[in-house]
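Subject: Structure for you to look at

Hello,

Please find the structure below. My notes on what was found in it follow directly after.

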Amino acid sequence: MEALRCDRLARVFRTKRAVDDVSLSLAAGDVYGLVGRNGAGKSTLLKLIAGYLAPTAGTVAVCGEILGPCQTSARLGCLIEHPAVNPGLTGFQNVMVRALAQGLANPKAEVAEVVEAVGLGLVADKSARGYSLGMKQRLGLALALVGRPDVLLLDEPFNGLDPEGVRQVRCLLADLALQRGCAVLISSHVLDQLERLVNRYGVLRDGRLAIQMTAEEVEDACADYLCVETPETPRALAVLEGAFPDAVFTVMPDDAIRVAGLDAEAVGRVLLTANMPVSGLYVHARDIEDYFVDLMGGAEVVDGPSRYSDTKGGGSHA
Ligand SMILES: Nc1ncnc2c1ncn2[C@@H]1O[C@H](COP(=O)(O)OP(=O)(O)OP(=O)(O)O)[C@@H](O)[C@H]1O
């Protein structure tokens, strides 16, 4: 059964389609990274799923149960924008209030566990009024985690955390997904953290889920490759395939030849020996940030991972 499913979810603010026909699903244990420029619709999508906002169209189902507009589910834990923290209570008490509202059987033990897990142990008995931004963020995460939700919705969970906090939260989330099968939908601009955590990505662009990809597809798309440019592509390809029978060469739409795992010098030597005119020979490597910046903003969807689909299997377009 899917842990989370959104079908054709949309939200219009006056004339602005903040979320436009978004369908996605998460299985238990999935960690799904939602990326997009400022204003792409990430927070609005999370709020629709959490039941904080009513959708203009579409449905949300959590663990198979379709939720009504603005209906929340006890199986959902959310950290979206500023957590609702009572400054007059300690961190522990704040989480305890949530645990009691959920009717947990053993609230004290569970609250102690989540407070410890998010790294608030040392300040749990201090008033939340004096909490730093990072401590508030940890408290928000504890509030989301109490009750052992099956699905976690996290909007920028690394905000305000120091490097140790970022690592702690990342490890905690990975553990929840792996050990407990929690499905995590996480929106973040911190791509290098997402990269270490998620197994799937969705790119939101102007409210639409433009591209969905697995982490492997992103990794492949960002991998180093060698690019050969020549005015005689078919002949060069035949020469290269003869010289490197185990390599997989791909001819791109602009007639450039791409190959991964070969040494540029060796390729250059083979082409030279065959008297092949070469106008370009270079190693191309992309970092994930460059890659997503392109996907988030730039060209049309077809310019995304489908460019790589002949070699890598590409991404699926929602
Ligand atoms: N309550 C609202 N009323 C009107 N417009 C809204 C409202 N909430 C969001 N929007 C608009 O919807 C669009 C999507 O906003 P949203 O906050 O979901 O984007 P985001 O991807 O989370 O951005 P960021 O990365 O900056 O947090 C924006 O154009 C925003 O101005």
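Strands E9 (residues 200-205) and E10 (residues 208-214) pair antiparallel, with six bridges between them. Within this pair, glycine 202 lies opposite glutamine 212 of E10. The two strands make a hairpin in which two residues separate E9 from E10. In that turn, aspartate 206 has a positive phi of about 50 degrees. Please keep in mind throughout that this is a predicted model.

Next, the sheets. One open sheet has four strands in the order E2-E1-E4-E5, with antiparallel pairing. E2 and strand E5 (65-67) are its edge strands, and each pairs on one side only. On average, neighbouring strands here are turned by 25 degrees against each other, direction ignored. At the E5 end of the order, strand E4 (residues 57-62) and E5 are joined by three bridges and run antiparallel. Alanine 61 has isoleucine 66 in E5 as its bridge partner.

A second open sheet, also of four strands, has the order E12-E13-E11-E14 and antiparallel pairing. Strands E12 (249-251) and E14 (280-284) are at the edges with a single partner strand each, so each has one side without a neighbour in the sheet. The average turn between neighbouring strands of this sheet is 20 degrees, direction ignored. Strand E11 (residues 225-229) and strand E13 (residues 257-259) run antiparallel and are joined by three bridges. One of the residues involved is leucine 226, whose bridge partner in E13 is valine 259.

Two helices pack on this second sheet. Helix H8 (residues 233-243) touches E11, E12 and E13, and its direction makes about 175 degrees with that of E12. Helix H9 (residues 264-273) touches E11 and E14; the angle between the direction of H9 and that of E14 is about 160 degrees.

Now the helix pairs, both of which involve H2. How do the axes of H2 and H3 cross? Helix H2 (residues 91-101) and helix H3 (residues 107-117) have axes that come within 9 Å and cross at roughly 130 degrees. The two helices are therefore oblique to each other. The crossing of H2 past H3 is right-handed. On the H2 side the contact is made by Gly91, Phe92, Val95, Met96, Ala99 and Leu100, and on the H3 side by Pro107, Glu110, Val111, Val114 and Val115. By class, these comprise nine nonpolar residues, one polar and one charged.

The other partner is helix H4 (residues 133-145), which packs against H2 at an angle of about 25 degrees with the axes 9 Å apart. H2 and H4 are therefore roughly parallel to each other. Here too H2 passes in a right-handed crossing. Gly91, Asn94, Val95 and Arg98 of H2 meet Leu139, Ala142 and Leu143 of H4. The classes in this contact are four nonpolar, two polar and one charged. Gly91 and Val95 appear in the H2 contact with H3 and again in the H2 contact with H4.

Last, the ligand. Which residues are around the ligand? They are Phe13, Lys16, Ala18, Gly36, Asn38, Gly39, Ala40, Gly41, Lys42, Ser43 and Thr44. By class, this shell has three nonpolar, six polar and two charged residues. Strand E2 (16-26) and helix H1 (42-50) each contribute at least two of the shell residues. H1 gives the most, with three residues. E2 thus comes up in two places in these notes: as an edge strand of the sheet E2-E1-E4-E5, and as a supplier of residues to the ligand shell.

Regards

Note on methods
Residues are numbered from 1 along each chain as its sequence is written. This is a predicted model: local features need pLDDT of at least 70, side-chain atom pairs count only at pLDDT 80 or more; totals for chains, interfaces and linings use all residues. A residue is near a molecule or strand if its C-beta atom, placed from the backbone, lies within 6 Å of it. Ala, Val, Leu, Ile, Met, Phe, Trp, Tyr, Cys and Pro count as nonpolar, Asp, Glu, Lys and Arg as charged, and the others, Gly among them, as polar. Axes are lines fitted to C-alpha atoms, for helices over the stretch in contact, and angles run from 0 to 180 degrees between N-to-C directions. Angles under 35 degrees count as roughly parallel, over 145 as roughly antiparallel, 65 to 115 as roughly perpendicular and the rest as oblique. A crossing is left-handed if the near helix is turned anticlockwise from the far one by less than a right angle, and right-handed if clockwise. Two residues are in contact if their C-beta atoms, placed from the backbone, lie within 7 Å. Two strands pair if DSSP finds at least two bridges between them.
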